[in-house]
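This report goes through one protein model with its ligand. Please look at the structure before reading on.

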Amino acid sequence: MPATTHPTPETASFNVEALRADFPALAQDVYEDTPLAYLDNAATSQKPTPVIERLDRFYRDENSNVHRGVHRLSQDATEEYEEARKSLARFLNAPDPDQIIFTRGTTEGLNLVSSTFGRMAVEEGDEILLTEMEHHSNIVPWQMLAEQVGASIEVLPVTDRGELRMDLLPGMLTDDTALMAISHVSNTLGTINPMEDIIDVAHAEDVPVVVDGAQSAPHLPVDVQALDADFFVFSGHKMFGPTGIGVCFGKREHLEAMPPYQGGGDMIDRVSFEETTYDDLPHKFEAGTPNIADAIGLGTAAEYIMDLDWDAVQAHEEAVLEYATEQLEAVEGVRIVGTAPDKTSVLSFVFDDIHPYDAGTVLDREGVAVRTGHHCTQPLLERYGLPGTIRASFAAYNTREDVDHLIDGLQKVRHMFG
Ligand code: PLP
């Protein structure tokens, strides 16, 4: 999108201070009299009061197991848990809440898909197509599957700017390609991949696509039907929800054909020592007592996000990213890694020869929380010849002041190490 179309935070119809007031963790000082600039949102976001209070209320007043009890509390907990599933279905525009499987997060979602659908779809001699920008969570499960069945991993490269080599995609989808797994937004580069186009091209070759939505769910309105994604997985904790909970959406025909992921209580229809039959969707994939409170908390987070004015939020996030990019570019010795035109919320950079860890440690003492290292994308950083980067990642509640705080901190880093 051209820079001139970005409204500034001052002109956008979005009250960032009102939003910030919902997130108690943002208001604290870290160390003595050092206000916090929380810029590690790609790792995990802070939580708004409605989510915190929802968890508190569940444990104070409603705690009970689901799907099993005849008593009042259990019925209420079951209803709330299933209401949360409906909220998540609306959040993704999924056709049916039964296609929302609660998981521990993106990592578990990808392991679920690779060890069930993957075991059905990938055979000896097949290829699994990934991209060079994948998070380890979207590499290792597929490698494990490839080893188990005798398949191979193919990798769509990225350009120097951090865009996918879309020109190579059609040629890499061969008769042997059994599936493609790809992140919607890169957690290291911030690149927004053209997911609808990618899925169209893959589907034209009958290749199903698994989308890692860990970094898109918090920033882009996601419509799994418009995308035509075969699977879409994400984590709650990066989108204002609790840790330990996430979602795996799947097309109904896949979910119905797939074997269960784990066996145990809650996922069965009938058990005998001779044979077990399984429950219907979504319970077939939710063995054991689920993470009830956090699923309900994630439902609240999804409702919270859906209540925001998305156009205004996105305009604000774009304006903050653009401001941060300009300010960083002006700091002598900074080189931004990932300069695709279509980006969201992530700024990775290196700073002279200063080790990212040293920079991160000084920034921390200045109250600036950033991430340093390989961000679980070692193959990508190897592609750029880097051991790591400093990564500032933004959420809707970040401001230009947070960016200024970062830039001031970087001046201190230069003073100490430059
Ligand atoms: N995929 C991407 C793109 C990510 O950014 C992350 C987390 O940083 C993951 C997968 C793994 O998410 P989780 O650790 O919540 O399972």
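## Backbone, fold and ligand site

Pro 282 is found in the loop that joins β10 (276-278) to α11 (292-307). The peptide bond leading into Pro 282 from Leu 281 is cis, and its omega is near -5°. The model is a predicted one.

A further backbone feature concerns Phe 240, which belongs to the loop between β7 (231-235) and β8 (246-250). Phe 240 is not a glycine, yet its phi is positive, near 75°.

As for the overall fold, the protein contains 15 helices and 15 strands. Its radius of gyration is 22 Å, close to the 22 Å that the globule rule gives for 418 residues, so the protein is as compact as a globular protein of that length. Taken along the principal axes, the box filled by the C-alpha atoms is roughly 70 × 55 × 35 Å.

The ligand occupies the space of the second largest pocket. Which residues surround the ligand? From the earlier part of the chain come Ala 42, Thr 106, Thr 107, His 135, Ser 137 and Asn 187, and further along come Asp 212, Ala 214, Gln 215, Ser 235, His 237 and Lys 238. By residue class, this shell is made up of two nonpolar, eight polar and two charged residues. The nonpolar members are Ala 42 and Ala 214, and the charged ones are Asp 212 and Lys 238.

Oxygen atoms of the ligand lie at the following distances from N or O atoms of three residues in the shell.

| Residue | Part of the residue | Distance to a ligand oxygen atom |
|---|---|---|
| Thr 106 | backbone N or O atom | 3.5 Å |
| Gln 215 | side-chain N or O atom | 2.7 Å |
| His 237 | side-chain N or O atom | 2.7 Å |

How much of the ligand's accessible area does the protein cover? On its own the ligand has 390 Å² of accessible area, and the protein covers 85% of this.

Two of the residues in the table, Gln 215 and His 237, make their approach through the side chain, whereas Thr 106 does so through a backbone atom.

Definitions and conventions: Residues are numbered from 1 along each chain as its sequence is written. This is a predicted model: local features need pLDDT of at least 70, side-chain atom pairs count only at pLDDT 80 or more; totals for chains, interfaces and linings use all residues. Side-chain values use heavy atoms; hydrogens and water are left out. A residue is near a molecule or strand if one of its heavy atoms lies within 4 Å of it. A polar contact is a pair of N or O atoms within 3.5 Å; within protein, one must be able to donate a hydrogen and the other to accept it, and residues adjacent in sequence count only if both atoms are side-chain atoms. Accessible areas come from the Shrake-Rupley method with a 1.4 Å probe; for residues, only the protein chains shown count as cover. On a 1 Å grid over the protein atoms alone, a cavity is a set of points where a 1.4 Å probe fits but cannot get out, and a pocket is an open set with protein on both sides within 12 Å along at least five of seven lines; lining residues have an atom within 4 Å of a point. A molecule sits in a cavity or pocket if more than half of its atoms lie within 2 Å of its grid points. Helices (H or I, at least four residues) and strands (E, at least two) are DSSP runs, numbered from the N terminus. The radius of gyration is taken over C-alpha atoms; the globule rule is 2.2 Å times the number of residues to the power 0.38.
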